[in-house]
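Here are my notes from going through this model, written as I would say them at the bench. Have the structure open while you read.

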Amino acid sequence: MTCDTLEFLLETQLYDKRLPGLGAVVEVGGERWELALGVADVTTGEPFRIGDHHRVGCVTKSFTATAVLQQIDSGRIGFEDTLEPFVPGIPNGERITIRQLLNMTSGVANFAGVPDWLPVRAEPSFDTPDADWPQERKVELMRRGPAAFEPGAKADYCDSNYILLGLILEQVTGRPAAAVINDDVVAALPELTSTEFPSVAKLPDPHPTVYSYLPDDRTLRALGDMNPNMLWTAGAMTSTVDDLLRWVRELAEGRLLSAELRDARLAPTPLDRRRAFHRYGLGVQRLGALLGHNSIMPGSSCAVYRYPAEDASVAVVTNASANVDAISMEIALDLVRSLYPGFVDG
């Protein structure tokens, strides 16, 4: 793929999606292409930069899953341990296993689908006090149920699974989940120099302004900071493009896990209501031959994938999202198809 092709693809997406800023990096073997387009702030016109910090949202799940798998590796918990002793009162909790939480087959009700999980405010704000985002509030919504389906009957992507895994992680280790992830996962990989499970709402500097689309006419609305307890172990982490590329290599190679659990992490389960090529491992998306994760959340979208057979990785970040469109994932797939015309999504 030439630099001209990369630029054409990204410019088309920038204008078609009406994005303020967009950046992508493609690495193949020892070669690297990168491009940043648009602006980090629509008011100042400051250019979008590849190296800025971003909220990586659902990519957090891959870190949470790794921390849980480390506990399984150590023998403190097992795949077939059930949810009930850790978080009692969830429908089917006596039959839901840790493996089913990891691979989205638990059937736990999705707290994010219940309107009253958000604090009642005149203006939407995610940088509200910790008291507005307690994990127990999310758990109570899961307890109300009903279960979405019987444990193991199918797989459906659901943030509730990874909130529950965070609570299990805290009980097993006796430490805050953020500390476990920062100390046992991030710090164990010295090359991750700009990745963290944050303790504050503000993004580290430098970072772009993040925007959400208003539903009426796709105009942009600037968003503020985000309390990490809002999405917690399902989506709180921050990182940079270069760190994401380092992390996706770890997902493929599994240096932090035994070979058995590395392979288990990558074993795919088809997701309900998704295209056939879209499957899920244990905190890892599997898109055909690709592995990694994407995120859509208020104000940002990112995706990072690795194609192990070709020693290729791609990362895409934007500073706008409607929290419904997998913008970065689709751009990343377009880049892979351009690199490898024979690539099949299935």
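The points below cover a hairpin, a small sheet, the cysteines and one helix.

1. Before anything else, keep in mind that this is a predicted model. Everything below should be read with that in view.

2. Start with the hairpin. Strand E1 (residues 21–28) and strand E2 (residues 31–38) run antiparallel and are joined by eight bridges. At the turn end, Val28 stands opposite Glu31 in E2. Two residues lie between the strands, and Gly29 takes a positive phi there, near 55°.

3. Next, the open sheet. Three strands make it up, in the order E5-E4-E13, and the pairing is mixed. Strand E5 (220–222) and strand E13 (320–321) sit at the edges with a single partner strand each, so one side of each has no neighbour in the sheet.

4. Staying with that sheet, how do E4 and E13 run relative to one another, parallel or antiparallel? Strand E4 (residues 211–213) and E13 run parallel, with two bridges joining them. If you want a spot to look at, Tyr211 stands opposite Ala320 in E13.

5. On to the cysteines. How many disulfides turn up in a search of the whole structure? The search finds zero. Cys58 is in no disulfide, and the nearest cysteine sulfur to it, that of Cys302, is 8.6 Å away. A disulfide here needs the two sulfur atoms within 2.5 Å, so the 8.6 Å from the sulfur of Cys302 to that of Cys58 is too far for a bond.

6. Are these two cysteines buried or exposed? Cys58 counts as buried, at 13% relative accessibility, because the cut-off for buried is under 20%. Cys302 is buried too, with a relative accessible area of 1%.

7. Now helix H5 (residues 160–173). For its 14 residues, 1.5 Å a residue gives an expected span of 20 Å, and the end C-alpha atoms are 20 Å apart, so the two agree. Just after H5 comes Gly174, which has a positive phi, near 75°.

8. H5 is also largely enclosed by the rest of the structure, because 11 of its 14 residues are buried. Among the buried ones are Tyr162, Ile163, Leu164, Leu165, Gly166 and Val172. What covers the buried residues of H5? The cover includes helix H2 (60–74), helix H3 (98–102), helix H4 (135–144), helix H6 (177–186), helix H7 (232–235) and strand E8 (278–280).

Terms used. Residues are numbered from 1 along each chain as its sequence is written. This is a predicted model: local features need pLDDT of at least 70, side-chain atom pairs count only at pLDDT 80 or more; totals for chains, interfaces and linings use all residues. Side-chain values use heavy atoms; hydrogens and water are left out. Two strands pair if DSSP finds at least two bridges between them. Helices (H or I, at least four residues) and strands (E, at least two) are DSSP runs, numbered from the N terminus. Buried means under 20% relative accessible area, exposed over 50%, partly exposed in between (1.4 Å probe, protein chains only). The expected span of a helix is 1.5 Å times one less than its number of residues. Contact means heavy atoms within 4.5 Å.
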